[in-house]
Amino acid sequence: MSALAKNYNRKNISFKKGKGSFLYSTNGKKYLDFVQGIAVNCLGHSNPELVKAINDQSKKVWHVSNAFRIPEGEKLAKKIVKKTFANSVIFQNSGAEATEVAIKVARRYFYSIGKPKKTRILCIKNSFHGRTLAAIFASGSKKMTEGFGNVGGFDHFAFGDHNSLKKKITKNTAAIMVETIMGEGGIKVIPDWCLKDLRKLCDKKNILLILDEVQCGIGRSGDFFAFERSKVKPDIVPIAKGIGGGFPIGAVLMNKKVSSGMVPGTHGSTFGGNPLAMSVGNKVIDIITNKKFLNNVKSLSKYFLLNLQKIKDKYPNIIKQIRGKGLLIGIQLYTDQSFFIKKLMENRLLTIRASENVVRILPPLNVKKTEIDLALKIINKVCKDIK
Ligand SMILES: *Cc1c(COP(=O)(O)O)cnc(C)c1O
């Protein structure tokens with residue numbers, strides 16, 4: 001009997017080591033890991049460069065308070081600012097913290113310009129912004145909020161419902177917060193033209209635009225940020241998952257306008273941005289932002305999606321739709337999702353569920369083509385077996 005609380009329905013399997021795209025279970029089996037800690041291990045398991053970065057830093061200094069300057073964090077923030085729309089960064093330890101801070105930054109901005117009533121955040125119904133109290137109420141999902149009382153300040157509209165979105169805006173709306181690609185929600189991509197319209201709407205109504213890139217950011221979409229190709233500039237972007245390559249890091253990126261509200265004392269974190277975390281973050285960003293690296297993600301994605309489409313065409317009664325962008329991929333099924341995932345696992349491919357009966361596939365961004373071929377072979381076999 002496990003002494004861990006029962007808040008997870010865990011599969012009865014554990015691992016003794018990982019290398020690149022593979023995990024080795026304690027009972028001696030080798031699995032192709034296309035979960036990667038849910039889009040976290042963007043460079044695979046025990047990546048030698050990340051191992052070196054963390055080892056080197058661990059011999060110098062692990063942790064100091066944010067009461068002092070942390071050069072490793074300043075270095076990482078500078079790199080992020082140089083590559084993106086952002087003017088400044090606050091480091092955290094997780095995605096939910098990053099979305100919380102995004103909300104704080106939005107509210108604090110309007111407070112700082114004399115509009116303290118402009119506090120409401122407008123989100124997509126059944127989205128996912130993390131599991132803190134504010135984040136679950138931002139997500140607007142009955143399943144996540146049930147039994148947890150209430151946290152006010154959030155309004156919701158349905159994905160793709162532009163009329164309802166416009167109707168829900170009031171003079172007290174501070175920000176619209178959406179995932180550029182809904183991850184947990186079933187790998188639903190917001191089209192570029194919608195992002196552009198959102199930006200226009202926000203500008204017209206004096207509302208801030210928060211794009212949650214916790215799952216789809218850091219190269220996952222094939223671009224550093226999933227919103228990049230739309231040319232839209234958000235005001236605030238929470239990130240996490242991929243940025244630490246497996247080490248817990250979250251961050252909120254903001255433009256100059258909104259950062260002015262975050263004066264000393266308005267936010268803090270004991271662990272956020274400590275030297276150990278920052279040493280890994282610096283290495284991850286050096287690797288991911290390389291143009292060659294991202295071009296490779298794009299071409300791997302094209303290959304993967306094309307061949308998944310072929311499997312779908314072969315088994316139209318099993319697969320309903322192939323979804324996604326970059327290496328954030330979903331297979332929407334007609335048949336039972338958990339059975340399909342179980343079958344994939346029996347064939348040594350690890351995947352994870354998402355809403356709308358979607359099987360989520362999240363290879364490391366440096367996955368090899370031969371590993372994608374292996375995954376395709378297993379997916380094809382499982383479809384054949386089910387049929
Ligand atoms: C995972 C996720 C979060 C929450 O991240 P945690 O690190 O689990 O707190 C927030 N937003 C999105 C879009 C996510 O996918």
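Student: Which residue in S17 is the bridge partner of Ala354?

Tutor: Val358 is the bridge partner of Ala354 there. S16 and S17 (residues 358-361) run antiparallel and are joined by three bridges. Strands are DSSP runs of E (at least two residues) and helices runs of H or I (at least four), numbered from the N terminus. Strands count as paired if DSSP finds at least two bridges between them.

Student: What am I looking at, numbering and confidence-wise?

Tutor: It's a predicted model, so local features need pLDDT of at least 70 and side-chain atom pairs pLDDT 80 or more, while totals for chains, interfaces and linings use all residues. Numbering starts from 1 along each chain as written, and side-chain values use heavy atoms, with hydrogens and water left out.

Student: Back to S16 and S17. What's the strand order in that sheet?

Tutor: The order is S13-S14-S17-S16, in an open sheet of four strands with antiparallel pairing. The edges are S13 (319-325) and S16 (352-354); each has a single partner strand, so one side of each has no neighbour in the sheet.

Student: Which helix packs on the sheet?

Tutor: Helix H11 (residues 291-314) does, touching S13, S14 (328-333) and S17. Contact here means heavy atoms within 4.5 Å.

Student: There's another open sheet of four strands, with mixed pairing. What's its order?

Tutor: That one goes S1-S2-S3-S15. Strand S1 (15-19) and strand S15 (349-350) stand at its edges, each with a single partner strand, so each has one side without a neighbour in the sheet. Inside it, S2 (residues 22-25) and S3 (residues 30-33) run antiparallel and share three bridges. Phe22 sits opposite Leu32 of S3.

Student: Switching to S12. How many of its residues are buried?

Tutor: Five of five, across residues 250-254. Buried means under 20% relative accessible area, exposed over 50%, partly exposed in between (1.4 Å probe, protein chains only).

Student: Which way do the S12 residues point?

Tutor: Gly250, Val252 and Met254 go one way, Ala251 and Leu253 the other, and all are buried.

Student: And which strands does S12 pair with?

Tutor: S4 (residues 88-92) pairs with S12 in the antiparallel sense over five bridges, and S11 (residues 236-239) does so over four, antiparallel too. On the S4 pairing, Phe91 has Ala251 of S12 as its bridge partner. With S11, Pro238 stands opposite Val252.

Student: Now H8. Which of its residues are buried?

Tutor: Cys194, Leu195, Leu198, Arg199, Leu201 and Cys202 are buried in H8. They cover an arc of only 165 degrees around the axis, which puts them on the same side of H8; the arc is taken over directions from the helix axis to the C-beta atoms.

Student: What covers them, and what's on the face turned away?

Tutor: The cover includes helix H7 (162-168), strand S7 (173-179) and strand S10 (208-212). The face turned away from the buried side carries Trp193, Lys200, Asp203 and Lys204, which are exposed.

Student: What follows H8?

Tutor: Asn206, with a positive phi near 55 degrees.

Student: Last one: where is Asn282, and is it buried or exposed?

Tutor: Asn282 is in helix H10 (residues 275-288). Its relative accessible area is 7%, so Asn282 is buried. Leaving out residues up to four places away in sequence, Asn282 touches Glu72, Lys75, Leu76 and Lys79.

Methods
Axes fitted to C-alpha atoms, helices over the stretch in contact; angles between N-to-C directions.
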